[in-house]
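Let's take a walk through this model together, beginning with its charged pairs and then turning to the helices that carry them. Keep the structure open beside you as you read.

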Amino acid sequence: MSTANWQWVALAMGVHTAGISLKAVRWRALFLPLQIPLAQAWMVSMVGQMLNTALPARAGDVGRILLIGEEKNEASWAMALSTVVTEKVVDLTMLALLYLIVALWLTTTPTGLPDWLQTAGRLLIPLALLALACLLLLAYYGRPIWRFVSKGLGWLPPRWRTKIDSLANQAIAGLDALRHGPARRQVWGWSLAIWAIMAWTNALLFKAFDLDLSLFVAALLLVVLMSAISVPRLPGSQGVLVYLCILVLSLFGVSRETALLYGITLQAVVHFPVLVLGLIGMFWTSRSLATQQHQDRGSGQIQDRRRHDAYDHDGD
């Protein structure tokens with residue numbers, strides 16, 4: 001760590017912090033035309049990103065779905081689930097596009113396209129195309145598809161059918177942002193900015209270790225790392241990310257020791273802001289929910305008194 005220039009490390013951390021904040025802005029745009037307060041979306045998003053960092057199996061995604069549904073707004077957990085799925089498919093699409101750019105660049109270099117990266121691309125690109133096609137199909141034709149499917153639920157009790165129909169329509173509403181021009185432009189625009197910032201973070205850390213590597217190398221490293229963390233994380237997988245940094249940087253003549261330090265520093269740059277902002281978000285969210293519950297109890301007590309007074313009046 002003593003070989004790192006801490007000014008560049010601090011700048012990389014600041015840029016990454018801006019990137020994770022933009023993820024919250026993009027998530028808010030996915031609820032459009034429903035207006036979620038920016039502060040609320042930001043705090044819940046920070047909590048979710050912190051839980052994803054600290055816990056396995058993408059627990060943070062489940063956490064923010066539940067938290068945003070608890071807040072006092074019109075967003076249900078079914079709608080929030082759709083926005084999170086959309087977010088993942090959009091990121092998968094961005095990953096595939098960046099892979100194509102990096103793969104084309106590698107074919108023009110002496111390094112060439114490694115066999116393991118070619119194999120990953122054969123899986124990544126069809127998967128991204130299929131996921132995006134399914135998502136757009138549901139966004140544009142989800143309601144007629146559901147009307148057709150729901151005809152087969154006539155054997156269920158009416159109360160169950162009503163509940164399932166409500167959840168399905170809320171989930172489909174969570175895809176509306178992909179159909180509306182302004183919202184769609186925001187989602188894809190913010191996604192481009194987020195991925196550009198993540199690649200820039202890698203490039204800034206190259207400066208911290210005095211590595212004369214291009215932005216294309218930073219993009220390649222981003223593709224490899226994001227491909228790894230797209231799979232639900234298991235305990236102990238942080239060492240895998242450091243190994244991947246060593247694997248990629250060694251292709252361009254970086255020593256194992258420097259690549260190891262780079263990987264450890266990158267993890268600190270990525271995780272430290274998430275943990276700090278996540279704790280702030282958790283404190284804010286817990287206070288917001290406690291205030292909301294207190295207000296709900298007070299409102300319930302007022303209604304109980306009014307009913308009691310009305311009953312006494314009728315008795316008189």
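A search of the whole structure, which is a predicted model, turns up seven salt bridges. A good one to find first is the pair D91 and R26, whose closest N and O atoms are 2.8 Å apart. This pair links distant parts of the chain, since D91 sits in helix α4 and R26 in helix α1 (residues 6-29), 65 residues apart. Both D91 and R26 are buried.

Stay with α4 and look for K88, whose side chain meets that of D61 in another salt bridge (3.4 Å, N to O). K88 belongs to helix α4 and D61 to helix α3 (residues 59-70), so the pair ties together parts that are 27 residues apart in sequence. How covered are the two partners? K88 has 31% relative accessibility and therefore counts as partly exposed, whereas D61, at 7%, counts as buried, the limit being under 20%.

A third pair takes us elsewhere: R143 forms a salt bridge with D176, with 3.3 Å between the closest N and O atoms. Here too distant parts of the chain are linked, R143 being in helix α5 and D176 in the loop between α6 and α7 (181-208), 33 residues apart. R143 is partly exposed, with a relative accessible area of 30%, while D176 is buried, with a relative accessible area of 9%. Some salt bridges also share partners, and in this way D61, R64, E87 and K88 are joined into one network.

Now let's step back to the overall fold. The protein has ten helices and zero strands. Buried residues make up 45% of its 316 residues. Of the contacts with a separation of 6 or more, 74% are between residues 24 or more positions apart. The protein exposes about 16900 Å², and carbon and sulfur atoms supply 67% of that area.

Helix α4 deserves a second look. With 30 residues at 1.5 Å each, α4 should span 44 Å, and its end C-alpha atoms are 43 Å apart, which agrees. The helix is mostly covered, as 22 of its 30 residues are buried. One residue to pick out in α4 is S82. What is its relative accessible area, and is S82 buried or exposed? The value is 10%, so S82 is buried. Leaving aside neighbours within four places in sequence, S82 is in contact with A171, I172, G174 and L175.

One of those contacts, I172, leads us to helix α6, where A168, I172 and A173 are buried. These three cover an arc of only 135° around the axis, which puts them on the same side of α6. On the other side of α6, R159 and K163 are exposed. What covers the buried residues of α6? The cover includes α4 (77-106) and α5 (115-150). As for its length, α6 (residues 158-173) has 16 residues and should span 22 Å at 1.5 Å a residue; its end C-alpha atoms are 22 Å apart, which agrees.

Finally, turn to the surface. L136, L137, L138, Y140, Y141, I145, F148 and V149 form a nonpolar patch there, with about 770 Å² of accessible area together. Y141, one of these residues, is found in helix α5.

How values were computed:
Residues are numbered from 1 along each chain as its sequence is written. This is a predicted model: local features need pLDDT of at least 70, side-chain atom pairs count only at pLDDT 80 or more; totals for chains, interfaces and linings use all residues. Side-chain values use heavy atoms; hydrogens and water are left out. Helices (H or I, at least four residues) and strands (E, at least two) are DSSP runs, numbered from the N terminus. The expected span of a helix is 1.5 Å times one less than its number of residues. Buried means under 20% relative accessible area, exposed over 50%, partly exposed in between (1.4 Å probe, protein chains only). The arc is that of the directions from the helix axis to the C-beta atoms. Contact means heavy atoms within 4.5 Å. Patches are made of residues with over 30% relative accessible area and no salt bridge: like charges are joined within 9 Å, nonpolar side chains (Val, Leu, Ile, Met, Phe, Trp, Tyr) within 5 Å. Accessible areas come from the Shrake-Rupley method with a 1.4 Å probe; for residues, only the protein chains shown count as cover. A salt bridge is a side-chain nitrogen of Lys or Arg within 4 Å of a carboxyl oxygen of Asp or Glu.
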